[in-house]
Amino acid sequence: MSNAVATTDQAAPPAETPRNEATAIIQVIERAAMNPDVDIDKMERLLQMQERVMERQASMDFNTAMAAMQDELPSIAERGQSHNGHYATFEDINDVAKPIMKRHGFAVSFRVHNIQGGIEVTGVLMHKSGHREETTMTLPLDDSGKKNSVQQVGSSVSYGKRYVMSALLNITTRGQDGDGNSATPVKTISLAQAAYLKSLLSQCPAVTQGWFAGEFGEPEHVPASKYDKLSAKLKSGIEKQEAANADHQGA
């Protein structure tokens, strides 16, 4: 038993090193504050050093908690349905992830900004240590169906939230349990077709690129059945944008 205790005691200091550094710096600052010979420049450098050590510790705490949380986050069932297939709704993702996040000291918030022709959804993953990470997704307004302007914004915001939250937490989704029969694999486009789509996307505005990323991920993932319609849509959008730019320059 004494050997086990000795091993534990020897292993503990490295994990606590950043905290010990922060404590040591605080003690130095306290002593410096009581010394009338210490000038303001030295105090500022000490405070900056303390801030860097605390930020380092917060980042380490964030990463440690994130690694532990990953073992508990399950794959979310895809219960939502659209014309493109099934998807995991934001509500399902949030209901499953929120209590797990809370146990590990995490919380998530969102910022939504209106931009021309679409919106930006930013997700912020915060840890109780003070460290945070964020990611942003740009989306066009969802004008599918018979949505009014308010519904278009709401649909795009919900879409953005679920993809941003999944990205921040590294969440995976799965199809609902069926009758036991394996699904037929979806045939995707060729490498040459994917390269052509990439060239088209490079000429598209950020809003279109964000929509494509949310819808398909990478060009290689585009179903072969959607290639003709999708490439025609992107090409048409580029031609319209070029025509608009030419008219603007002519004016």
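What follows is a chat about a predicted model, covering its sheet, some helices, salt bridges and two buried residues.

Biologist: Let's start with the sheet. What order do the 3 strands come in?

Modeller: The order is 4-5-6, in an open sheet with antiparallel pairing. Strand 4 and strand 6 are the edge strands, and each pairs on one side only. On average, neighbouring strands of this sheet are turned by 15 degrees against each other, direction ignored.

Biologist: How many bridges join strand 5 and strand 6?

Modeller: Strand 5, residues 118-127, pairs with strand 6 over 9 bridges, in the antiparallel sense. Across from Glu120 you will find Thr138 in strand 6.

Biologist: And which strands does helix 3 touch?

Modeller: Helix 3 packs on the sheet and touches strand 4 and strand 5. The direction of helix 3 makes about 140 degrees with that of strand 4.

Biologist: What about helix 4?

Modeller: Helix 4, residues 149-169, also packs on the sheet, touching strand 4, strand 5 and strand 6. Its direction makes about 35 degrees with that of strand 5.

Biologist: Back to helix 3. Where is its kink?

Modeller: At Ala97, shortly before the proline Pro99. The kink is about 35 degrees. Helix 3 has 14 residues, 90-103, and reaches 20 Å from its first C-alpha to its last, close to the 20 Å expected.

Biologist: Which residues of helix 3 are buried?

Modeller: Phe90, Asp92, Ile93, Ala97, Ile100 and Met101. A general point helps in reading such a list: an α-helix has 3.6 residues a turn, so residues three or four places apart point the same way.

Biologist: What follows helix 3?

Modeller: Gly105 does, with a positive phi near 85 degrees.

Biologist: New topic. How many salt bridges are there in the whole structure?

Modeller: The search finds 5. One of them joins Glu72 and Arg103, with the closest N and O atoms 2.8 Å apart. This pair links distant parts of the chain, 31 residues apart: Glu72 is in the loop between helix 2 and strand 1, and Arg103 is in helix 3.

Biologist: Is Arg103 buried or exposed?

Modeller: Arg103 is exposed, because its relative accessible area is 57% and the cut-off for exposed is over 50%. Glu72, at 34%, counts as partly exposed.

Biologist: Which residue does Glu134 meet in a salt bridge?

Modeller: Arg111, at 3.2 Å, N to O. Glu134 lies in strand 6 and Arg111 in strand 4, so the pair ties together parts that are 23 residues apart in sequence. Glu134 is partly exposed at 45%, and Arg111 is partly exposed at 35%.

Biologist: What does Asp142 pair with?

Modeller: Asp142 meets Lys147 in a salt bridge of 3.3 Å, N to O. Asp142 is partly exposed at 21%, as is Lys147 at 29%.

Biologist: Last topic, Ile189. Where is it?

Modeller: Ile189 sits in the loop between strand 7 and helix 5. With 8% relative accessibility, Ile189 counts as buried.

Biologist: What does Ile189 touch?

Modeller: Not counting residues up to four places away in sequence, its contacts are Ala194, Leu197, Pro219, Val222, Pro223, Ala224 and Tyr227. Ala224 is 35 residues from Ile189 in sequence, but their C-alpha atoms are 4.6 Å apart.

Biologist: And Ser231, buried or exposed?

Modeller: Ser231 is buried, at 10%. It belongs to helix 7, residues 227-250. Leaving aside neighbours within four places in sequence, Ser231 is in contact with Tyr196, Leu197 and Leu200.

Technical notes. Residues are numbered from 1 along each chain as its sequence is written. This is a predicted model: local features need pLDDT of at least 70, side-chain atom pairs count only at pLDDT 80 or more; totals for chains, interfaces and linings use all residues. Side-chain values use heavy atoms; hydrogens and water are left out. Helices (H or I, at least four residues) and strands (E, at least two) are DSSP runs, numbered from the N terminus. Buried means under 20% relative accessible area, exposed over 50%, partly exposed in between (1.4 Å probe, protein chains only). Contact means heavy atoms within 4.5 Å. The expected span of a helix is 1.5 Å times one less than its number of residues. The bend at a residue is the angle between axes fitted to the seven residues ending there and the seven starting there. A salt bridge is a side-chain nitrogen of Lys or Arg within 4 Å of a carboxyl oxygen of Asp or Glu. Two strands pair if DSSP finds at least two bridges between them. Axes are lines fitted to C-alpha atoms, for helices over the stretch in contact, and angles run from 0 to 180 degrees between N-to-C directions.
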